[in-house]
Amino acid sequence: MSAAKRPIEIAPSILPADFSRLGEQLQQLDTAGADRIHWDVMDGVFVPNLTVGPDVVKSCRAATDMMFEAHLMVENPDLLAPLYVEAGCELITIHVESTRHLDRTLHVVKDAGARAAVTMNPATPLCSIDNVLHLVDMVLIMTVNPGFGGQAYIEAQERKVTELAHQIGARGLDIDIEVDGGIKPSTIAAATRAGANVFVAGSAVFGHPGGLATAISELRSLAQDAQ
Ligand code: DX5
Ligand code: ZN
């Protein structure tokens, strides 16, 4: 499948970080070998949790050169996406369930100067993105219901990852497949075999007894071995 040979990337979620010293935590993730930072943006409406606004992201931009991606779990992505681009996010991920006009919202992201990605909740079918696949650089397949870190990986989403990888290959598109939720040493190999190449990990990175660098290199080598 087309996604199989794409570079493996580990994208730590900032959710479990110590928010009182976020800049320092980003530098530690950088040193530990993270490929990009995954900002989980929650507005308390689209999901029952509230996290960081664009000013927080902006205040951390100078801490590292790593790519920032914003996973927008918000009710009004057309209004908020440009603010996160301005804050320094190079990739913005839009939930299909969060907008009536997905094609327009993805263009809002691109017009603001970022790369666009799309995602869907576990219950949402893959066909919901058929007509926008040519607009995105990445598709995020949620492997938990969004809102909280530390939830159990939903294995049934691997079927969606595999189907997506086939579609991307059949259409000759250049698109990363990211998975988010419950990614840890015991789940990352199967997600890789299904076709994913970018892995969000929160609790598995911050909660590893060996520290951040050990967590990241362990996840990376398990994925590389499964590819
Ligand atoms: C869930 C978020 C996550 C997730 C990652 O809404 O999108 O990025 O919390 O955390 P872990 O790796 O702990 O499942
Ligand atoms: Zn996320």
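Q: What makes the approach of ligand 1 to the side chain of Asp 180 a polar contact?
A: An oxygen atom of ligand 1 sits 2.6 Å from an N or O atom in that side chain. A polar contact is a pair of N or O atoms within 3.5 Å (within protein, one must be able to donate a hydrogen and the other to accept it, and residues adjacent in sequence count only if both atoms are side-chain atoms). The 2.6 Å pair is inside that limit, so the name applies.

Q: What are the ground rules for these values?
A: This is a predicted model, where local features need pLDDT of at least 70 and side-chain atom pairs need pLDDT 80 or more, while totals for chains, interfaces and linings use all residues. Residues are numbered from 1 along each chain as its sequence is written, chains are lettered from A and ligands numbered from 1 in written order, and side-chain values use heavy atoms, without hydrogens or water.

Q: Which other residues have N or O atoms by an oxygen of ligand 1?
A: The side chain of Ser 203 has one at 2.5 Å, and the backbone of Gly 149 has one at 3.5 Å.

Q: What puts a residue in the set around ligand 1?
A: One of its heavy atoms has to lie within 4 Å of the ligand. There are 20 residues around ligand 1, and Asp 40, Gly 147, Asp 180, Gly 202 and Ser 203 come nearest.

Q: Which residues count as donors to the zinc ion (ligand 2), and why?
A: His 38 (NE2), Asp 40 (OD), His 71 (ND1) and Asp 180 (OD) coordinate the zinc at 2.0 to 2.3 Å. Donors are N, O and S atoms within 2.8 Å of the metal (3.2 Å for Na, K and Ca), so these residues qualify; water is not among the atoms, and sites may look incomplete. Along the chain the donor residues follow the spacing H-x1-D-x30-H-x108-D. His 38 is in strand β2 (residues 36–42) and Asp 180 in strand β7 (residues 176–180), so this pair ties together parts that are 142 residues apart in sequence. Strands here are DSSP E runs of at least two residues, helices are H or I runs of at least four, and numbering starts at the N terminus.

Q: Why is the zinc site called octahedral?
A: The site has six donor atoms, with angles of 68 to 168 degrees among them. Six donors count as octahedral if opposite ones are over 155 degrees apart and all others lie between 65 and 115; four count as square planar on that rule, or as tetrahedral if all angles lie between 85 and 135, and anything else is irregular. The zinc site gets the octahedral label.

Q: Is Val 200 buried or exposed, and how do you know?
A: Val 200, in strand β8 (residues 198–201), has 2% relative accessibility and counts as buried. The cut-off is under 20% relative accessible area for buried and over 50% for exposed, with partly exposed in between (1.4 Å probe, protein chains only). Its contacts (heavy atoms within 4.5 Å) beyond four places in sequence include His 38 and Asp 180, both themselves buried.

Q: What class does Asn 145 fall into, and why?
A: At 43% relative accessible area, Asn 145 is partly exposed. Its loop runs between β6 and α5 (158–170), and Asn 145 touches Pro 122, Gln 151 and Ile 154 outside its own stretch of up to four places.

Q: Why is Thr 124 classed the way it is, and what does its side chain pair with?
A: Its relative accessibility is 15%, so Thr 124 is buried. The residue lies in the loop between β5 (115–120) and β6 (138–142), and its side chain makes a polar contact of 2.6 Å with the side chain of Glu 97.

Q: What makes a set of residues a nonpolar core?
A: The members are buried Ala, Val, Leu, Ile, Met, Phe, Trp, Tyr and Cys residues joined through side-chain atoms within 4.5 Å. The largest one here has 64 residues, and Trp 39, Ile 92, Ile 129, Val 139 and Phe 199 touch the most other members. Ile 92 has Leu 72, Tyr 84 and Val 109 among the residues it touches. In soluble globular proteins, nonpolar side chains tend to be buried together.
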